[in-house]
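Work through the exercises below with the model open. Try each task before reading its solution.

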Amino acid sequence: QVQLVESGGGLVQAGGSLRLSCAASGSIFMLNTMGWYRQAPGKLRELVATITNGGATNNADSVKGRFTISRDSAKNTVDLQMSSLKPEDTAVYYCHAEVTDVRGWVLDYWGQGTQVTVSS
């Protein structure tokens, strides 16, 4: 079993910054792609940003130039630095990881979510 624990959400004014962190632990052989997704009330969950274990990143158009994803492979963590936040960034943010576990199985895991609220 693998656990993803997020931290760093909260309330911020428009134009402000927040940093989200996610730590993975458990029966991990290899962390493959990690990423952040978000879900606003009444909307589907959407991709925010992903990063491969080689460091290649992919950002949603809506966050390009404002959000930066990074990871520390030694610590099994992935961070999302969010700047120039807008009210439309308000959502629950979920950490995701594709994990190859110690049995060799490739599985998807999700964190419990952390609320980000941007006030206008």
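Two strands pair if DSSP finds at least two bridges between them. Strands (E, at least two residues) are DSSP runs, numbered from the N terminus. The model is predicted: local features need pLDDT of at least 70, side-chain atom pairs count only at pLDDT 80 or more, and totals for chains, interfaces and linings use all residues. Residues are numbered from 1 along each chain as its sequence is written, and side-chain values use heavy atoms, with hydrogens and water left out.

**Exercise 1. The open sheet**

Task: Give the strand order of the open sheet of 4 strands, and find which residue of strand 3 stands opposite Glu6.

Solution:
1. The order is 1-3-8-7, and the pairing is antiparallel.
2. Strand 1 and strand 7 are the edges, each pairing on one side only.
3. Neighbouring strands are turned against each other by 15° on average, direction ignored. The axes behind this angle are lines fitted to C-alpha atoms.
4. Strand 1 and strand 3 run antiparallel and are joined by 6 bridges.
5. Glu6 sits in strand 1. Opposite Glu6, in strand 3, stands Cys22.

**Exercise 2. A buried acid**

Task: Which backbone nitrogens does the side chain of Glu6 reach, and how far away is the nearest side chain of opposite charge?

Solution:
1. Fix the terms. Buried means under 20% relative accessible area, exposed over 50%, and partly exposed in between (1.4 Å probe, protein chains only). A salt bridge is a side-chain nitrogen of Lys or Arg within 4 Å of a carboxyl oxygen of Asp or Glu.
2. Glu6 is buried yet has no salt bridge.
3. For charge, Lys and Arg count as positive and Asp and Glu as negative; His and the chain ends are not counted. The nearest side chain of opposite charge is Arg45, 7.7 Å away.
4. Now look at the backbone. The Glu6 side chain reaches the nitrogen of Cys95 at 2.6 Å.
5. The backbone nitrogen of Gln112 lies 3.1 Å from a polar atom of the Glu6 side chain.

**Exercise 3. Salt bridges around Asp89**

Task: Which residues form salt bridges with Asp89, and where in the chain do these partners lie?

Solution:
1. Start with the total: the structure holds 6 salt bridges.
2. Arg38 bridges to Asp89, with the closest N and O atoms 3.0 Å apart. This pair links distant parts of the chain: Arg38 is in strand 4 (residues 28-39), Asp89 is in the loop between strand 8 (77-82) and strand 9 (91-101), and they are 51 residues apart.
3. Arg66 also bridges to Asp89, its closest N and O atoms being 2.7 Å apart. Arg66 lies in the loop between strand 6 (57-59) and strand 7 (67-72), so this pair ties together parts 23 residues apart in sequence.
4. Check burial. Arg38 counts as buried because its relative accessibility is 7%. Asp89 is at 1%, so Asp89 is buried too. Arg66, at 11%, also counts as buried.
5. Shared partners join Arg38, Glu46, Arg66 and Asp89 into one network.
6. Among the other salt bridges, Asp101 meets Arg103 at 2.5 Å, N to O. Asp101 counts as buried, at 4% relative accessibility.

**Exercise 4. Strand 11 and its neighbours**

Task: Which side chains of strand 11 are buried, and how does strand 11 pair with strand 2 and strand 9?

Solution:
1. In a regular strand the side chains alternate between the two faces of the sheet.
2. Thr114, Val116 and Val118 point to one face and are buried. Gln115, Thr117 and Ser119 point to the other and are not.
3. Strand 2 (residues 10-13) pairs with strand 11 in the parallel sense, over 4 bridges. Gly10 stands opposite Val116.
4. Strand 9 pairs with strand 11 in the antiparallel sense, over 3 bridges. The bridge partner of Val92 is Gln115.

**Exercise 5. Positive phi**

Task: In which loops do Asn76 and Ser84 lie, and what is the phi of each?

Solution:
1. Asn76 lies in the loop between strand 7 and strand 8. Phi is near 55°, a positive value in a residue other than glycine.
2. Ser84 lies in the loop between strand 8 and strand 9. Phi is near 50°, again positive in a residue other than glycine.
3. Asn76 is partly exposed, with a relative accessible area of 22%. Ser84 is partly exposed at 41%.

Notes
Axes fitted to C-alpha atoms, helices over the stretch in contact; angles between N-to-C directions. Polar contact = N/O pair within 3.5 Å; in protein donor to acceptor, adjacent residues only side chain to side chain.
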